[in-house]
Structure formats: C-alpha cells, structure tokens
Amino acid sequence: KKLSAFLAPFEKKTVKKLNKLRSFTDSPTLKKLAEIMEKNNGFIAIFEAEGGFWRFRVRSIEDAILLKGFTMEYFSSETSTNGSVIIEAPVITICSYVQPIVAEKIFSNKNFQDDGLVPRILPVFLPRDKNIKNADPLYIHPEKIQLYKNKIMAILNRSLPAHMNEGKRPIYTLTLTTEAYEAYVEYRQAIYNDMHEGKFRNCEAFGSKLAGHAVRLAG
C-alpha cells in the first residue's frame, strides 16, 4: 500500500484543524517541495519507501532547498516560468525506508557527495541474514511493531500549536554549556581518530559530520 494513500485519510482529517497546513508529504519534486513549504510556514516532513525521492527527484543542480532545510538558512528561488518562492527558515525532515542496494546507490552518488547531501543522511542499518535470497523476513516482535505504530499515529494526529495557525513559527537558539561543548569536542576527536585508523572506510564524509548529527539529535 502506497504511503501517500496511507497518509491521505489522516491529512484529510487534520487539514481543517491545521488551517490547510501540511505536515507530511510523499516523494515530491524539489520544485513542489519548496512551494509546499512556503505555504506551510517553512517546514515539512517527507516519509517514503524505496528511496524514489533520492533516486529520481534529487539532482545535484537542484538540491539547494534540501541543503538550506538542513541548516535552516534563508531560501529563495525565482524563475520566469515558476514564479518565486521565499522561505525565511526552512526545516525539512526526510525519512526513507530503502533496501541495501538502493542505499548503496545513494551513498555512492558522487554528485550528492560533492554538494554535501550524503553526509547529512543519518543511516540506520537493520541486521539481515547473509544469505539474502534464502533468508526469512526479519522478525520483529509484535509489541515492537505496535510501539512503532503508536509513535507514527501520534505524529500523524498531532495538531499544530495555536500560533502556527496565525502564520508564526518561533525559531529557537540552543546554547551549549561548557561541559556539553567539551563533550562534543571529545566525541568529535574520537571520531577523527577512528577515521584516521580506517574505521570509516568508504563513508568518511558521513563520519566527518557524525558529531554534528549527535548535537542535532540531542537538541
């Protein structure tokens, strides 16, 4: 069942409450993504399977909105045919469930690496039997599946704060304590040591941003 079809009833149910704002979308083009975000106070979450967004929608010459959405930097685009899009502080969250062969294609895409997109992907690899052809499907305990489902449903049914319907979105600045900054520097140095020893072979670019990922997750 396509994810877009799964999300449709929830989007229809919440659209009145959210004043026609959209929290989620499924594999949009980058042009459409920017247009949705402009109408949505600058934020969006993309959920998709198979990695089609990365394989077919993203090109290195058009990925500015993704890079800006990662760092919350001002984004503007204007063309004679498509008009203008201006977003003060874009925020994009992308969650893709992909097969190993698709992930390999994404991480080996030199265009994405040159423009800094691949290092900003936070991968999670699920263990599988080495003999994939004859392997049984990965078993996940029903309680874990229900826990995951509850989390997803909670996100889908979440209403925006009242001020969001007024077209306002607060932007917060997190300041690290001295102890937190020292922990960050120590972790970053440990990663650099691992990279020097070859423990990040073929994914050095990702390793160089791993400490930054940790800070974002903590935030």
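The legends below describe an overall view and several close-up views of a predicted model.

**Figure 1. Overall view of the predicted chain, with its helices and strands.** The chain holds ten helices and five strands, and of its 219 residues 27% are buried. When contacts between residues at least 6 apart in sequence are considered, 59% of them link residues that are at least 24 apart. The surface exposed by the chain comes to about 15400 Å², of which 55% is supplied by carbon and sulfur atoms.

**Figure 2. Close-up of His213 in helix H10.** His213 lies in the helix that spans residues 210-218, and it is classed as buried because its relative accessibility is 7%, the cut-off for burial being under 20%. Apart from neighbours within four places in sequence, His213 contacts Pro119, Arg120, Ile121 and Leu122, together with Phe70 and Phe206.

**Figure 3. Close-up of Val215 in helix H10.** Helix H10 also contains Val215, whose relative accessibility is 34%. Val215 therefore counts as partly exposed, since that class covers values between the 20% limit for buried residues and the 50% limit for exposed ones. In the helix that holds both residues, His213 is thus shown as buried, whereas Val215 is shown as partly exposed.

**Figure 4. Close-up of a nonpolar surface patch that includes Val215.** Val215 forms this patch together with Leu176 and Tyr181, and the area of the patch is about 260 Å². Through Val215, a residue of helix H10, the view connects with the close-up in the preceding legend.

Methods:
Residues numbered from 1 in each chain as written. Predicted model: local features only at pLDDT ≥ 70, side-chain atom pairs only at ≥ 80, totals over all residues. Heavy atoms only, no water. Helix = DSSP H or I, 4+ residues; strand = E, 2+ residues; numbered from the N terminus. Buried < 20%, exposed > 50% of the residue type's maximum accessible area, 1.4 Å probe, protein only. Contact = heavy atoms within 4.5 Å. Areas by Shrake-Rupley, 256 points an atom, 1.4 Å probe, with all protein chains shown as cover. Patch = residues over 30% accessible without salt bridge, like charges linked within 9 Å, V, L, I, M, F, W, Y side chains within 5 Å. Salt bridge = Lys/Arg side-chain N within 4 Å of Asp/Glu carboxyl O.
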